[in-house]
Amino acid sequence: MSVLVISILLALAGAIIFSLIGLVSGTDETAIMVPFTLLVILLGAPPEAVFSFFMAAVLAKHLTHAIPTALMGIPGDTTAVPLIDHASSLRRLGVPHVALRKMLSGGLIGAFIALPTAVLFGQFLGQFADFFKSSSGLIFTLAAILIAYFSKGKWVSVLMIIPFAFFIKSIDTFSFSVVEKHLSTSFFLGIAIGPMLSDILFSLSPAARKGLVRSSAKEYHLAPETKSWRGYFPNPFRVLTGRQTAYTAATSFVSSLTFAFSPVGMTSLMGEIVGSRNKGVYKKASSSLASMNGVTESTYIAEAIIPLLAFGIPLSPVALGPASPLFNAPPVFTSEPVNNLHNMLTPWEFFLYGLIGLVIAALIAYPFAMNYARRATVFVMKNISQEAIVGMFIGLACLLAFHEAQLVGVMLTLTMAAVGGLLNRVLGVSSGVQFMIFYGSTYMMSKLLGV
Amino acid sequence: MATEIARKEAKAAPAKREYIEILGDTVVPVRILSAIVISIALSIGGYFLGKSIFPKIAEAKMVGSYSLLLGIAGSVLGLIICASLFKPSRILTEEETSSEGMEEILLSMQTDPQAEYELIKNDPVTKKEMEELGILETFKRSGGRTHE
């Protein structure tokens, strides 16, 4: 079989599997992408096909994870956390399916903007490889300050950066002394399930419980279905208004360039910017959702492609997480010395095989989610209780943390979730800020304390 | 154990039930704790099962990945079990929100319904979109009431 045919088949497999996985809320990206990608690599797929598979999987998963985010208010994965507030506004107005359509169309546009941008920018950046390798810690720290200032907590978030970095470094050092490796998935998971865990903790405390007690079940109103397109494949440019398309395109383009930032942080930042330029609950929420989902898509794609193409070493949060097998999957790929997609594919091949992945995922996941969105809402709302979803989310988090570092991983995740969740819920220190502080913590502590 | 809890609960159900709001949706406290226990047990259980059977049938380097997949299968199973044991406590109405409801919702989001309606009225693109969705009328009623 030719490389092209294998690439198409693997992209197809990636798109179908990850469209389904995306429907399950709370599937942590890193923990889900890594084993599947590793499987494909270790089974001996050619590098071109591995790349097509990865691109198709990322896009398909991002598109369908919008469903739990919009319809149930549960983040489809960590990158969907900042979208929750806007999604629940539209959910309360009775139009969760509108939230979903805006997100899907924004995501699709974001993906196709990110691919060429990232390939060109990656080529350009190749010449500054040394600078970026040496100053990533500083970049993460500055980004944390910027994002903290734009978050809900504002000054308190800025003020919490150092103490929070100290806390993270402390539990990192302690867990290192037990398992002799630095954990990352467990930290991600802890930050992601933080708000959920803090709600549960509140409900267990007689002192804090009052704020969460309700005397009746929550009511939801679902507006009538309106299909604003003909045929099976909707036109994303008609789902979004002209202004929304422009915002999505602009924010996706900018976020493709800021590859060293956390996708969650970038999404929060861009969402705040777009949100502040739109007035009125409905318009603010729908415009923010379109561009935020475009940003999660574009940061993910760009953060995988740029370091691969420019450096061959993982120098972005995505490259350190979900895309890490593309850099390091011994014995097939290694980053020390660099022997991975960086040397195996030309920039033109990155573009071509990336495009194959994106097109196939777009053809499968986008119309599926668009056409069955409302039916999926009704099904989920009637049949799947919040208890089951929250239970699964916490179960998955414990499983993945356990996979990373056994009991230490689970404890670290729960500690992180309790502290991060309370900071988030009580003081408004958002998840995006927490992620950035996590990435910058090593740099900050070594500069301040010399450790 | 879980079914017993569900049964006990069903007996006590006619009395006034207390809900807890978690991530924007209401849940029954006993059920949420049972759901978490079931889910953790099945996820980690699936993982342990994988760790014990896969070394016999798969290559050593794949054992971790396969076990993780089995653990994920366990959490999906947990979702199915919990979804069938604990029915949603939310109430789904497949129709427009009443104007009073919408007004309450907007006020609880700290927005002024009237200002909100004014904004929509002056924005033809958003107005048309909300009209097509059939929610413009409710906005009009909740926001324009005192006005028109």
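Visitor: Which residue of chain B forms a salt bridge with A:Arg214?
Guide: This is a predicted model, and the values here are computed from it. A salt bridge calls for a Lys or Arg nitrogen within 4 Å of a carboxyl oxygen of Asp or Glu. For A:Arg214, the closest N and O atoms of the pair are 2.6 Å apart. The partner is B:Glu21.

Visitor: How many salt bridges does the rule find across the interface of chain A and chain B?
Guide: Side chains of opposite charge can pair when their charged atoms come close. The pair A:Arg214 and B:Glu21 forms such a bridge. Across the interface of chain A and chain B, the rule finds 2.

Visitor: Which helix of chain A gives the most to the side that touches chain B?
Guide: The side of chain A that touches chain B holds 39 nonpolar, 16 polar and 14 charged residues. One helix, spanning residues 386–427, supplies 16 residues to that side. The top contributor is helix α18.

Visitor: How much area do chain A and chain B bury between them?
Guide: The size of an interface is often given as the accessible area lost when the parts come together. Here 69 residues of chain A are in contact with 68 residues of chain B. Carbon and sulfur atoms carry 67% of the buried area. The total is about 6300 Å².

Visitor: How many residue pairs are in polar contact across the interface of chain A and chain B?
Guide: Pairs enter this count with both residues at pLDDT 80 or more. On that basis, the rule finds 10.

Visitor: What is the bridge partner of A:Val213 in β1(B)?
Guide: Strand β1 of chain A covers residues 213–214, and strand β1 of chain B covers residues 19–22. The two run antiparallel, joined by 2 bridges. Opposite A:Val213 stands B:Ile20.

Visitor: Which strands stand at the edges of the open sheet of 3 strands?
Guide: The strand order is β1(A)-β1(B)-β2(B), with antiparallel pairing. Each edge strand has a single partner, so one side of each is left without a neighbour in the sheet. The edges are β1 of chain A and β2 (25–27) of chain B.

Visitor: Which residue in β2(B) is the bridge partner of B:Glu21?
Guide: β1(B) and β2(B) run antiparallel and are joined by 3 bridges. B:Glu21 also forms the salt bridge with A:Arg214. Its bridge partner in β2(B) is B:Thr26.

Visitor: How far apart are the end C-alpha atoms of residues 389–414 of chain A?
Guide: UniProt, in an unreviewed entry, lists residues 389–414 among the transmembrane regions of chain A. Another listed span is 350–369, which is 100% helix with its end C-alpha atoms 27 Å apart. Residues 389–414 are also 100% helix. Their end C-alpha atoms lie at a separation of 18 Å.

Visitor: What helix content does the chain have over residues 66–86 of chain B?
Guide: For chain B, the unreviewed UniProt entry gives transmembrane regions at residues 32–54 and 66–86. Residues 32–54 are 100% helix, with end C-alpha atoms 33 Å apart. Over residues 66–86 the end C-alpha atoms are 30 Å apart and strand is 0%. Helix there comes to 95%.

Visitor: How many residues apart in sequence are the parts that A:Arg425 and A:Asp199 tie together?
Guide: Their side chains meet in a salt bridge at 3.0 Å, N to O. A:Arg425 lies in helix α18 and A:Asp199 in helix α9 of chain A, so the pair ties together parts that are distant in sequence by 226 residues.

Visitor: Which backbone oxygen does the side chain of A:Thr334 reach?
Guide: A:Thr334 lies in strand β3 of chain A, residues 334–335. Its contacts beyond four places in sequence include A:Phe327 and A:Asn340. At 3.0 Å, its side chain reaches the backbone oxygen of A:Pro337.

Notes
Residues numbered from 1 in each chain as written. Chains lettered and ligands numbered in written order. Predicted model: local features only at pLDDT ≥ 70, side-chain atom pairs only at ≥ 80, totals over all residues. Heavy atoms only, no water. Contact = heavy atoms within 4.5 Å. Buried area = accessible area lost by both parts, 1.4 Å probe. Polar contact = N/O pair within 3.5 Å; in protein donor to acceptor, adjacent residues only side chain to side chain. Helix = DSSP H or I, 4+ residues; strand = E, 2+ residues; numbered from the N terminus. Nonpolar A, V, L, I, M, F, W, Y, C, P; charged D, E, K, R; others polar. Pairing = 2+ DSSP bridges. UniProt positions renumbered as here; feature names shortened; annotations may be inferred.
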